[in-house]
4 protein chains.
Amino acid sequence: MGKKKGPKYNQIIEAAVTIIAKHGYHQAQVSKIAKEAGVADGTIYLYFKNKEDILTSLFEEKMGSFVGKIRDRITDDLSIEEKLLVLISMHFEQLQADKQLAIVTQLELRQSNTDLRLKINEILKGYLTLIDELLTEGKEKQFFKPNLDNRLARQMIFGTVDEIVTNWVMKDCKYDLLALAKPVHQMILSGFRV
Amino acid sequence: MGKKKGPKYNQIIEAAVTIIAKHGYHQAQVSKIAKEAGVADGTIYLYFKNKEDILTSLFEEKMGSFVGKIRDRITDDLSIEEKLLVLISMHFEQLQADKQLAIVTQLELRQSNTDLRLKINEILKGYLTLIDELLTEGKEKQFFKPNLDNRLARQMIFGTVDEIVTNWVMKDCKYDLLALAKPVHQMILSGFRV
Amino acid sequence: MGKKKGPKYNQIIEAAVTIIAKHGYHQAQVSKIAKEAGVADGTIYLYFKNKEDILTSLFEEKMGSFVGKIRDRITDDLSIEEKLLVLISMHFEQLQADKQLAIVTQLELRQSNTDLRLKINEILKGYLTLIDELLTEGKEKQFFKPNLDNRLARQMIFGTVDEIVTNWVMKDCKYDLLALAKPVHQMILSGFRV
Amino acid sequence: MGKKKGPKYNQIIEAAVTIIAKHGYHQAQVSKIAKEAGVADGTIYLYFKNKEDILTSLFEEKMGSFVGKIRDRITDDLSIEEKLLVLISMHFEQLQADKQLAIVTQLELRQSNTDLRLKINEILKGYLTLIDELLTEGKEKQFFKPNLDNRLARQMIFGTVDEIVTNWVMKDCKYDLLALAKPVHQMILSGFRV
DNA sequence: AATGAATGAGGTTTCATTCAT
DNA sequence: GATGAATGAAACCTCATTCAT
C-alpha cells in the first residue's frame, strides 16, 4: 500500500465524488464506488487503507489544489484588500466550477462521523493559515484595525463564505456564486454600518 | 403514544443528550440511552415512536424555545445596533449554558440525514426570519447601508456565529463564548477596516 | 386461575374472534384483543394462562358446541344415510351462521404454530370420533361396503367438507354453503361413477 | 443477485428444509439455516433477497415440478379411471419420496401469511386445473355422472388427498402412503355405498 | 496487480407477560 | 378482581473488509 498513484487512484476518488454527490454520504457504499470506478471491490484496498481513507484522500486531493491555486493568485503586487478579494473570489470560483464537488464538501461529507470531520479540519488548516497570514499582514500594514482578533476574524471570513456556498448548493447552484464575491468582500471589510 | 408524559419522557431525552455528547451520534444506541435513562429498552417505545423520534423530540424540546427567548429580549426600546448585539449574545449565551447540548447540536446531530435535518432547518428558519427583520429595520432607520444585500448579510451573521460556536465546541468549550459577542458584533457592524 | 366464566371470559373469546377475523392471526396481539374486549391487558391473564390458551379455549368453546349440536340432531330414528347428510349439513350450516368464526377456524388459526395445531387436533377428535361411529354403524347395517377403511373414509369426509368450507371462505362466503350439502353427500356415498 | 448460482444456492435450500422440518417454521432463524448450510449469515443474502425469498425459492425448486411430473405420467393411452389413479398415486409418491419436504409443505409452510402462500396457491392452481381437465374428460366420455359438479368434485379430490397426506405426516410418516392410493381412488370413484 | 465471493458483527423494534398499586 | 406501565429477549439484514485464486 504505497498509497498514491497509478491511474486507478484518481479513478476511485472521482468515482467517490460522483457516487456521493448522486446518492448521498450514507448511501455511498464501497461496492458502489468500486463499480463506478470500474474496479473490483478489493482493488480499492490496494490504493486506500479503508473507506475513511478514500474520503480523507478525496478531501486532501481536492482541497490541496484548492488552497494551492488560491495562493498562486495572491501575488505580492496586490494590496491586502485585493488579496482578500482574490481569496473570496477563488473560493467561490473553484466550487462553482465543480458543482458535484461542492455538493460533496458542503453537504455530504459533513454527515460523516466526528473522526473524519477532525481529519477534514486538519486539511482545512492550510486554508485557515492562509487567511491568518492575510490578517496579520493587514494589521501590519495598518489597513486593518490593530485590535482585530485574528481568530475571530478568520472564523468570520470562513464562516461567511462557507455559509454562502452551502446556501448556494442547497438552492441547486442555480445563481451566480462568483458574483457574490465583491459584496461579501465589501461587507467583511467595511461592515454593515453606513 | 400520547407523547410528553411522565417523568420518563424527560429522563430519556436527557439520557439521549448525555449519551450522544459522550459517545457521538453513531454510537448512541437505543440500548445505551435506555440504560442511561434507567429504563428498559422497550420503555423507550412507550414514549417515542422510534429512535429518530427521540432525536427530533430532543431538538424540539431543547431548541424550540431558542428563537423565542431571543425575540423576547429584543425589545422595542433598543436601537438596531443593540438588538443585533442581543441576538448574538443570546445565541452564545444559550449554547454556553448547556455545553453538552452544544456538542449535540453543533456536531453530532448534523450527522443525521433524515427528518431531523428538516426539523433543524425548521427551527433555523424562524431564526433567519428574525435576522431578516433586523436587517430590514436597520436599513429603514438608515443605520445600515441602503444597498446591503439582506440574504448575504443574513448568511454572514449566521455563518459567523455558527462557525464561532462550532470552533468553541471543538476546543472543548474551554473559553468564554459570551465574551466574544461584542467583538463579533463590532466586526459585523463596522468591518475589518480602520 | 380457576379458568372459566365470569362474563369477561366470554367477552375475551368473542373479542379474539373479532380481532383475528379482522386483522389476521399474526396481527392479533393480546393488547388488541384486550382493547376490543374492553378490559385491561393484565385482565386477560386472570382468565387465560397465556395467549395460546385464549386460542385453544376459543376453539374448544366454539367446537365443543359445534359437535354437540350435530350429535343432538343425529337421532336414532334416522337412517345411516340421513345421519351422514345431517352431519354434513350441520357442519356447513353452523359455519355459514358465523362467518367471522369460519374465517378464524378455516384460515387464520391454521397459521398457528404446530403446538397449537396439535391442541386443535385434540379438540377435533370428538368430531372425528362421531364420524367413525357413523362409519362403523354403516358397515354393521350393511349400507356401506364391508371393506371400507374407516380411517381413510373419515379423512375423505373431513378433508372434503373442510376443503369446501375453506374455498367458500376464501370466496368471501358469497354463495350458499348449505346448498352444497346434498351433492357432497351424494358424491361421498355413491362416488363419481355412473 | 442473479439467483440460482453455485452450489451454495442449493446448500442453503437444503439447509432450510432440514431446519424447518426439525425446528418448525417459527424457529427457523436465518442464522440457524446459515449454520446448517455451512456458510456465514451474510452469504445467504448473496443468493436470496431476504428470508422469505429462501422459502419461496425452496417451494419453487421443490414443488415446481410437482404438477409437471404428474402430467407427464397421465398419457393419452390411459382410461380416465387410470388417469385419476395416476394422479393420486403420483401425489402420494412424490411426497413420500421426501418426508422432510412433506413435513415442510404440509405443516410448516402453511404457517406463513405472506407471498409464500400466494406462491403455494399458484402451484396449486396448476394442479386444480389438471383435476378439472380430468373431470371434464370423464364426463365427456360418460364415465362420470353427467351432473357431477366440477368444482365440488375437485374440492373433494384435493381435500381428500391433502387431508390424507397431512395425517400421514402427523403420524410421523410411519406407514406406506402410496398404498393408500388405490382404496382412495376406489372411494372417490364408487363412493361408500355397497 | 486484480478480483469478487465470502465473512460476521451489530442494532432497532415488537409484544407476551408481570406485578405494584 | 382489575389495571396498564414496564419489561427484555430475540432476529433480520447490511456492508466494510479479507484473502484465495
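**Entry 1: DNA strand E**

I started with which helix gives the most to the surface near DNA strand E, and found α3(A), with 5 residues. The model I am reading is a predicted one. I then listed the elements that each supply at least two residues of that surface: α3 (41-47) of chain A, of chain B, of chain C and of chain D.

I looked up the residues around DNA strand E and got 28. Those that come nearest are A:Thr43, A:Tyr47, B:Gln29, D:Thr43 and D:Tyr47. Of the atoms of DNA strand E that come within 4 Å of the protein, 69% are sugar and phosphate. I sorted the surface by class and noted 12 nonpolar, 10 polar and 6 charged residues.

Next I checked individual atom pairs. A polar side-chain atom of A:Thr43 is placed 2.5 Å from a phosphate oxygen of DNA strand E. For D:Tyr47, I also read 2.5 Å between a polar side-chain atom and a phosphate oxygen of DNA strand E. I noted one pair that involves a base: a polar backbone atom of D:Gly42 lies 3.2 Å from a base nitrogen of DNA strand E.

**Entry 2: DNA strand F**

I repeated the search for DNA strand F. There I found 28 surrounding residues, with B:Lys8, B:Thr43, B:Tyr47, C:Thr43 and D:Gln29 the closest. Sugar or phosphate holds 71% of the atoms of DNA strand F within 4 Å of the protein, and bases hold the rest.

Which helix gives the most to this surface? I found α3(C), with 5 residues. At least two residues come from each of α3 of chain A, α3 of chain B, α3 of chain C and α3 of chain D. My class split for the surface near DNA strand F reads 12 nonpolar, 10 polar and 6 charged.

For the atom pairs, I looked at Tyr45 in two chains. An N or O atom in the side chain of A:Tyr45 is 3.0 Å from a phosphate oxygen of DNA strand F. For D:Tyr45, the distance from a side-chain N or O atom to a phosphate oxygen of DNA strand F is 2.8 Å. D:Lys51 uses its backbone: a polar backbone atom is 2.9 Å from a phosphate oxygen of DNA strand F.

**Entry 3: chain A against chain B**

I moved on to the protein interface. I found 41 residues of chain A in contact with 42 residues of chain B. The two chains bury about 3900 Å² between them, and carbon and sulfur atoms carry 59% of that. I looked for the three residues of chain A that supply more of its buried area than any other three, and got A:Lys145, A:Phe192 and A:Arg193, with 21%.

I then counted polar pairings. Between chain A and chain B there are 15 residue pairs in polar contact, both residues at pLDDT 80 or more. The rule finds 2 salt bridges across the interface. I looked up the bridge between the side chains of A:Arg193 and B:Glu81, which has an N to O distance of 2.9 Å. A:Arg193 is thus on two of my lists, as it is also among the three residues named for buried area.

On the side of chain A that touches chain B, the elements giving two or more residues are α7 (114-140), α8 (150-170) and α9 (181-190) of chain A. Of the elements, α8(A) gives the most, with 12 residues. I divided that side into 20 nonpolar, 14 polar and 7 charged residues.

**Entry 4: how the copies are related**

I superposed chain A on chain B and got a rotation of 177° with 0.6 Å of shift along its axis, at an RMSD of 1.2 Å. The two copies are therefore related as by a two-fold rotation axis. I asked which C-alpha of chain A is nearest the axis. A:Gly191 has it, at 1.4 Å. I also compared the contact residues: 95% of those of chain A recur in chain B, and the same surface serves both copies.

I ran the same superposition for chain C and chain D. A turn of 177° and a shift of 0.5 Å along the axis lay chain C on chain D with an RMSD of 1.2 Å. The C-alpha of chain C nearest the axis belongs to C:Gly191, 1.4 Å from it. Here too the same surface serves both copies, with 95% of the contact residues of chain C recurring in chain D.

Methods. Residues numbered from 1 in each chain as written. Chains lettered and ligands numbered in written order. Predicted model: local features only at pLDDT ≥ 70, side-chain atom pairs only at ≥ 80, totals over all residues. Heavy atoms only, no water. Near = heavy atom within 4 Å. Polar contact = N/O pair within 3.5 Å; in protein donor to acceptor, adjacent residues only side chain to side chain. Helix = DSSP H or I, 4+ residues; strand = E, 2+ residues; numbered from the N terminus. Nonpolar A, V, L, I, M, F, W, Y, C, P; charged D, E, K, R; others polar. Contact = heavy atoms within 4.5 Å. Buried area = accessible area lost by both parts, 1.4 Å probe. Salt bridge = Lys/Arg side-chain N within 4 Å of Asp/Glu carboxyl O. Least-squares fit on C-alpha atoms with pLDDT ≥ 70 in both.
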